[in-house]
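Good morning, colleagues. Please take a moment with the sequence and the structure before I begin.

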Amino acid sequence: MPLVSGAEVVLGAAKDGRGVGAFNVIQLEHATALIAGAEQAGAPVILQISENAVKYHGALKPIGVATLAAASAATVPVVVHLDHAMDRDLVTEAVSLGFTSVMFDASKLDYEDNVRATTEVTAFCHEHGVFVEAEIGEVGGKDGVHAPGARTRPDEALAFVEATGVDALAVAVGSSHAMTERTAELDFELITALRSAVPVPLVLHGSSGVADADLTRAVEAGMTKVNIATHLNNVFTATVREVLADQPSLVDTRKYLGPARTAVAAEVARLLTVLKAV
C-alpha cells in the first residue's frame, strides 16, 4: 500500500470519531515495529520522526528514506510525519523526500511571529499536498502547550487556526512530554470545549503519561491524533534489558533488538485498540 496523506488519515478519523496513533521512529527497528503493530490491529498509523531524531542521525535523509521505504511496503495506511520541526529548511527537505505530514513548531516565538511563520510554512506545505500540524505556544508558561499545568483556551485556539490555516492543532489539556509514569490528569471538559470551538482535528502530545482509560476517554471527548513515544521506548528498552540479563554473553544485536521490536509491535496493536483507531 502506498503512503497516504495526513489529511486522509487524520481527517477521516476525526469525522468518524476515531483516534489515530502517532508513534516516534528513532531507528529502523522502531519503524518496522510500528508498522507491524498497525498491521496486527488492522488500523492506520502515523510514523513520526522528530527534529531530535534527525540530530541523532546527523541528517534527515537516512532515517527518513528508510522509514518511507518501510511505510510503502505496509498493508495498512501509513503517514510519515516530521514532528516538532523548528527548522524551516528541515520542513522543506521532508516535503521533498515525500513526507505526507509535518508539525511545524514555532511555539518558542511570540504569538505574532508564530502566526507569521506558521502561515508561511502552511502555505508551502499545502502547495505540495502536505498536511500541517502546529501549536500555539506560550500558553501557561515558557515551555509552550506541553508544560505541566499549561492549558489552551478555546478562543485562542480558534483564532490561531483561522489565522494560520493549519490542518491540525496540538493543545494543552493536562499532558506533558517525556513522562515515564502514566499519571497525567487530563481536562476532559476542556477537550470537549476545544472540540466544539476548533474546526480542525486536535492533537494530544505527551500521551505516554496518560492511562489507557483516559486515552480512550480523550478520543471520545474529541481528541484525534495521539502522540506516544516515551511509553514505547520503555517497552523497547525493558525488553532489551531483559534479554541481555538472561543472556549476558549475547553480541549479535539482532538477538535483542528483534525481541524488542516484537514487544513494541504488540504494544502498538494494543494501544491502537485503546485509541479506538480500528
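Which residue in strand 3 is the bridge partner of Ser50? It is Asp83. Please keep in mind that this is a predicted model.

That pair belongs to a wider contact: strand 2, residues 45-50, and strand 3, residues 78-85, run parallel and are joined over six bridges. Further along this pairing, Leu47 stands opposite Val80 in strand 3.

Let me turn to the other neighbour of strand 2. Strand 1 also pairs with strand 2 in the parallel sense, here over three bridges. Phe23 has Leu47 as its bridge partner in strand 2. Between these two strands, the chain passes through helix 2, residues 28-41, and the resulting β-α-β crossover is right-handed.

Now to the surroundings of strand 2. Are the residues on its two faces buried or exposed? They are buried on both sides: Val45, Leu47 and Ile49 lie on one face, and Ile46, Gln48 and Ser50 on the other. Because six of the six residues of strand 2 are buried, the strand is largely enclosed by the rest of the structure.

Finally, the overall arrangement. Eight strands close into a barrel, in the order 1-2-3-4-5-6-7-8, with parallel pairing. On average, neighbouring strands of this sheet are turned by 25° against each other, direction ignored. Helix 1, residues 6-16, packs on the sheet and touches several strands, including strand 1 (20-24), strand 2, strand 3 and strand 8 (223-228). Strand 5 (131-135) is also touched by helix 1, and the directions of the two make an angle of about 65°.

Thank you for your attention.

Terms used: Residues are numbered from 1 along each chain as its sequence is written. This is a predicted model: local features need pLDDT of at least 70, side-chain atom pairs count only at pLDDT 80 or more; totals for chains, interfaces and linings use all residues. Side-chain values use heavy atoms; hydrogens and water are left out. Two strands pair if DSSP finds at least two bridges between them. Helices (H or I, at least four residues) and strands (E, at least two) are DSSP runs, numbered from the N terminus. Axes are lines fitted to C-alpha atoms, for helices over the stretch in contact, and angles run from 0 to 180 degrees between N-to-C directions. Contact means heavy atoms within 4.5 Å. Buried means under 20% relative accessible area, exposed over 50%, partly exposed in between (1.4 Å probe, protein chains only). A crossover is right-handed if, with the strands pointing away from the viewer, the path from the first strand over the helix to the second runs clockwise.
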